[in-house]
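Here's a quick briefing on side-chain contacts and surface patches. Have the sequence and the model open while you read.

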Amino acid sequence: MTREEYLNELKSSIMSLSSDEQAEAIQYYSDYFDEADDDEKVMRELGTPEELAKTIIEKFANALVDTKKSADENETDDSKVEEESRDGFSIDALYFEFAKKDVKNLSMDFGAAEVALIEGDKYSIETRGLPEECINCYLNKEGTLVVSNAHRFNLNFWSHNRRSRIVPRVLVTIPAKANIGKLRVAIGAGKLVSRTLSINCNSGAIDVGAGNMVLDGIFGGRIDMRCGMGNLEFAGSITGSVNLDCGMGNVKLDLKGDPKTYSYDAKVGLGDFRFNGEKKSGVCQIYNNQKLENHFSVNCGMGSVSIKIAE
């Protein structure tokens with residue numbers, strides 16, 4: 001698919017927006033293609049036009065709500081406006097690159113960022129619309145590649161009174177068939193989405209606060225998971241003894257493996273718990289006397305946990 005075809009399909013998918021909003025969104029992503037100068041990578045990062053359109057429509061809807069709240073206050077502080085303008089994000093792109101052989105572990109921790117993970121031939125981190133002091137990216141002496149945002153991002157593109165079209169975004173490229181020891185992925189109130197990856201890890205930790213995380217193609221040993229009020233979707237494999245905690249959020253695991261080699265214990269509050277064909281709802285506790293080598297220990301409060309395992 002060419003850039004023109006992608007943008008045409010995107011425009012067809014956001015017809016529910018006003019003509020001004022459509023033009024604004026198309027102009028932004030046209031500029032985004034120009035800045036990246038790599039159409040194929042941008043399309044892998046953004047996903048299909050239909051997926052991107054859904055995000056755009058949701059963002060504009062949220063912007064209308066935020067704008068109404070601001071209008072109700074209806075007071076302008078000139079000094080505050082000047083300060084926000086002075087502290088605005090740079091539109092310059094930041095780029096970090098690391099050799100595959102040097103990275104032994106991977107630790108990614110983001111706050112309110114919009115993050116995309118894609119597959120490539122090396123480790124690289126690209127940012128758009130945020131200053132250098134808002135991103136930490138380095139390789140420590142243990143060989144752990146650390147990527148995190150130091151400050152909360154001000155995602156003002158989707159506000160109708162914004163001054164810039166630049167949306168703070170982070171693009172992380174991970175080598176195909178990457179083999180690492182420890183993997184950590186955490187998101188606070190933002191959004192992290194991966195295209196299909198092929199990461200093999202010995203152990204890991206997944207942490208979702210109030211944001212949304214979609215990980216596809218993680219194959220590893222023990223990977224502990226925690227989801228507060230957000231949403232977590234995970235596809236790949238997990239082995240060993242695993243702890244899974246879900247508060248008021250939603251967790252969906254689609255795993256490869258022999259279901260006969262997995263067992264589970266579960267504590268359920270007011271939420272729902274599903275393990276293949278089994279379903280438990282309401283306040284209950286399930287204890288398995290025959291704990292297998294591959295075992296899930298699940299705490300589900302008021303949220304929903306669904307685990308599906310198939311060969």
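Is Val283 buried or exposed? Val283 is exposed, since its relative accessible area of 71% is over the 50% cut-off. Keep in mind that this is a predicted model. Below is a run through its charged pairs, its aromatic rings and its surface patches.

**Salt bridges**

- Searching the whole structure turns up 11 salt bridges.
- One of them joins the side chains of Glu45 and Arg169, with N to O at 3.1 Å. Glu45 sits in helix H3 (residues 39-46) and Arg169 in strand E7 (residues 169-175), so this pair ties together parts that are 124 residues apart in sequence.
- Both partners are out of the way of solvent by the numbers: Glu45 is buried at a relative accessible area of 3%, and Arg169 is buried too, at 9%.
- Glu97 and Lys122 make another salt bridge, and their closest N and O atoms are 3.3 Å apart. Here Glu97 comes from strand E1 (residues 94-98), while Lys122 comes from the loop between strand E3 (114-120) and strand E4 (123-128), so the pair ties together parts that are 25 residues apart in sequence.
- Glu97 is partly exposed, with 45% relative accessible area, and Lys122 is partly exposed as well, with 29%.
- Arg222 pairs up with Asp224 in a salt bridge whose closest N and O atoms are 3.0 Å apart. Arg222 counts as partly exposed at 34% relative accessibility, and so does Asp224 at 24%.
- There's also a network: salt bridges link Arg3, Asp34 and Asp39.
- As background, side chains of opposite charge can pair when their charged atoms come close.

**Aromatic rings**

- The count of aromatic pairs comes to 8. One to look at is Tyr6 with Phe33: the ring centres are 5.8 Å apart and the planes sit at 70 degrees, so the pair is edge-to-face.
- That pair links distant parts of the chain, with Tyr6 in helix H1 and Phe33 in helix H2 (residues 19-36), 27 residues apart.
- Both rings belong to buried residues: Tyr6 counts as buried at 2% relative accessibility, and Phe33 is buried with a relative accessible area of 0%.
- Elsewhere, ring pairs join Tyr262, Tyr264, Phe273, Phe275 and Phe296 into a cluster.

**Negative surface patch**

- Glu4, Glu5, Glu9 and Glu50 form a negative patch on the surface.
- Which helix gives the most to the negative patch? That's helix H1 (residues 3-13), which puts in 3 residues.
- Glu5 lies in helix H1, and Glu5 is partly exposed, with a relative accessible area of 42%. Residues need over 30% to belong to a patch, so Glu5 clears that bar.

**Nonpolar surface patch**

- Met229, Met248, Leu270, Val283 and Met302 make a nonpolar surface patch of about 610 Å².
- Where does Val283 lie? You'll find Val283 in the loop between strand E17 (278-281) and strand E18 (284-286).
- This brings back the opening question: Val283, at 71% relative accessible area, is exposed.

Notes
Residues numbered from 1 in each chain as written. Predicted model: local features only at pLDDT ≥ 70, side-chain atom pairs only at ≥ 80, totals over all residues. Heavy atoms only, no water. Salt bridge = Lys/Arg side-chain N within 4 Å of Asp/Glu carboxyl O. Helix = DSSP H or I, 4+ residues; strand = E, 2+ residues; numbered from the N terminus. Buried < 20%, exposed > 50% of the residue type's maximum accessible area, 1.4 Å probe, protein only. Patch = residues over 30% accessible without salt bridge, like charges linked within 9 Å, V, L, I, M, F, W, Y side chains within 5 Å. Areas by Shrake-Rupley, 256 points an atom, 1.4 Å probe, with all protein chains shown as cover. Lys, Arg positive; Asp, Glu negative; His and termini not counted. Charge placed at Lys NZ, Arg CZ, Asp CG, Glu CD. Phe/Tyr/Trp six-rings, centres within 6.5 Å; stacked < 30°, edge-to-face > 60°.
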